[in-house]
Amino acid sequence: MADLNLILLGPPGAGKGTQAERIREDEDLAYIATGDMLRQAVAEGTPLGVQAKSFMDAGDLVPDEVIIGMIGDRLGSADARDGFLLDGFPRTIGQAEALDVALRQHERDLTAVVLFEVPDEEIVRRISGRRVSAAGRVYHVEFDPPKTEGIDDIDGTPLIQRDDDRPDTVLKRLAVYHDQTSPLIGYYEERGLLQRIDGTLSPAEVRDHVRGTLATLKREADF
Ligand code: AP5
């Protein structure tokens, strides 16, 4: 039986984290989100976190060698053996090539790269209204509100706004996406792995499209 090995790709605020939560309700996959891993390192004040913080606050990418080291360890861990969901990695051609090498070493194949397509002006609206819980659950004050304003539905802790969600940093992150990450669309399209999803629909509609896409992939691969 083949593993389900997925990458979620798209601009900042496209809904990768939101849909990752929903995919994980349906599929038992190791969830590997480089942004969450880095934010945890920053919160814990580890050497990695100290190194990463200035890049993240400026809206820049953390250098490839730092990220590749971090992800290589995680891909080799036991829970990733039966399938994984990568969110926010790879983000450069260099990272994608390093991932190819790591997968070959572990004799694994990518199943698909799911691209969430959302125009820049919508991204700015989404990120300015985003609120997150300490555990990383994602809400939007207008589009996906919690049951009680400012409070996480699951553990009741206060929701916060991310440090890098300031308007000027968001514009920088978008520019970095177009410059350094969007070339991955062609990289994976050439390999026949790209699945495009209209990310402008509601979270529930996007979920339905993702479910349909994954169901087709599973049928084709005879999971
Ligand atoms: P990271 O945490 O990965 O951030 P990102 O890619 O910029 O993505 P976001 O988390 O901002 O957005 P998302 O697509 O998950 O959207 P969400 O679901 O939250 O990275 C942060 C930083 O870490 C980077 O800038 C970089 O410095 C560093 N980093 C991380 N990985 C790296 C790597 N590989 N290499 C180098 N550096 C790295 O949704 C956004 C909002 O919209 C939410 O409020 C949500 O409720 C709402 N929403 C979601 N879907 C919908 C919908 N369909 N309709 C309406 N609203 C919606």
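How far does a polar side-chain atom of R173 lie from an oxygen atom of the ligand? In this predicted model, the separation is 2.6 Å. Two backbone contacts can be set beside that side-chain contact. A nitrogen atom of the ligand has a backbone N or O atom of G88 at 2.8 Å, and a backbone N or O atom of V62 lies 3.0 Å from a nitrogen atom of the ligand. On its own the ligand has 1,000 Å² of accessible area, and the protein covers 96% of it.

Several elements share the work of lining the ligand. Those that give two or more residues to the shell are α1 (16–26), α2 (34–44), β6 (138–140) and α9 (203–221). Of the elements, α2 supplies the largest share of this shell, with 4 residues. In total, 36 residues surround the ligand, and T18, D60, R91, R130 and Y139 are the closest of them. By residue class, the shell divides into 15 nonpolar, 11 polar and 10 charged residues.

It is worth turning next to a region that comes with a database annotation. The UniProt record, an unreviewed entry, lists residues 135–164 as "domain: Adenylate kinase active site lid". In the model, the chain over residues 135–164 is 0% helix and 10% strand. The C-alpha atoms at the two ends of this stretch are 17 Å apart.

The remaining picture concerns strand β3, which spans residues 83–87. This strand is mostly covered, with 5 of its 5 residues buried. The cover extends to both faces of β3: G83, L85 and D87 are buried on one side, while F84 and L86 are buried on the other.

Which strands does β3 pair with? One partner is β1 (residues 4–9), which runs parallel to β3 and is joined to it by 5 bridges. Within this pairing, N5 has F84 of β3 as its bridge partner. Another partner is β2 (residues 30–33), also parallel to β3 and joined to it by 4 bridges. Here, I32 is matched with L86 of β3 as its bridge partner. F84 and L86, the β3 residues named in these two bridges, are thus also the pair found buried on one side of the strand.

Key. Residues numbered from 1 in each chain as written. Predicted model: local features only at pLDDT ≥ 70, side-chain atom pairs only at ≥ 80, totals over all residues. Heavy atoms only, no water. Buried < 20%, exposed > 50% of the residue type's maximum accessible area, 1.4 Å probe, protein only. Pairing = 2+ DSSP bridges. UniProt positions renumbered as here; feature names shortened; annotations may be inferred. Near = heavy atom within 4 Å. Polar contact = N/O pair within 3.5 Å; in protein donor to acceptor, adjacent residues only side chain to side chain. Areas by Shrake-Rupley, 256 points an atom, 1.4 Å probe, with all protein chains shown as cover. Nonpolar A, V, L, I, M, F, W, Y, C, P; charged D, E, K, R; others polar.
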